[in-house]
Amino acid sequence: MDVSEESTLCFLRAVSNRHRLMILRWILDPRQHFPPQRDGDLEDDGVCVGFITEKLGVTQPTVTGHMQVLAEAGLVTSRKIKNWVFYKPRREAIREGLGGLRAALGPALDDAPLPGQPLEETPLDR
């Protein structure tokens with residue numbers, strides 16, 4: 001297995017959990033999903049782990065575990081401000097992960113319709 005395949009598998013493992021996928025979606029657009037923070041800017045500094053914990057409705061150790069998986073995959077960075085940890089997405093790493101998936105699936109994906117697009121008629125339909 002080459003490095004790019006291993007990187008793609010690491011990306012897929014990180015986003016294969018619904019909680020981690022929700023967290024990524026939320027921190028990619030933090031102003032839409034979180035209220036203003038007392039310490040740290042939502043976009044410049046990241047989202048406080050406490051806000052993520054409250055929104056997700058699980059314990060802080062559970063969120064910390066999810067964030068560690070995302071960080072190990074290189075999809076988020078963390079920063080400590082006072083007593084709190086703030087998380088920011090690494091947009092380029094997320095784009096690379098999506099690109100790796102596209103490359104792994106190869107040319108077969110190029111002909112597939114995107115979600116919401118009508119399927120074209122095939123010879124079997126005639």
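In what sense do strand E1 and strand E3 pair, and over how many bridges? In this predicted model, strand E1, which spans residues 47-48, is joined to strand E3, residues 84-89, in the antiparallel sense, and the pairing extends over two bridges. Within this pairing, Val47 is the residue that stands opposite Tyr87 of E3.

Strand E3 also pairs with strand E2, formed by residues 76-81, and here six bridges connect the two strands, which again run antiparallel. Ile81 of this pairing is placed opposite Trp84 in E3. The connection between E2 and E3 is a hairpin in which two residues lie between the strands, and Lys82, located in the turn, adopts a positive phi of about 55 degrees. Strand E3 is thus a partner both of E1, through two bridges, and of E2, through six bridges.

At the level of the whole chain, the secondary structure amounts to six helices and three strands, and the order of these elements along the sequence is α-α-α-β-α-α-β-β-α. Of the 126 residues in the chain, 32% are buried, while the area that the chain exposes comes to about 8,600 Å², with carbon and sulfur atoms supplying 53% of this value. As regards the sequence separation of contacts, when those between residues at least 6 apart in sequence are considered, 51% are found to join residues at least 24 apart.

Technical notes: Residues numbered from 1 in each chain as written. Predicted model: local features only at pLDDT ≥ 70, side-chain atom pairs only at ≥ 80, totals over all residues. Heavy atoms only, no water. Pairing = 2+ DSSP bridges. Helix = DSSP H or I, 4+ residues; strand = E, 2+ residues; numbered from the N terminus. Buried < 20%, exposed > 50% of the residue type's maximum accessible area, 1.4 Å probe, protein only. Contact = heavy atoms within 4.5 Å. Areas by Shrake-Rupley, 256 points an atom, 1.4 Å probe, with all protein chains shown as cover.
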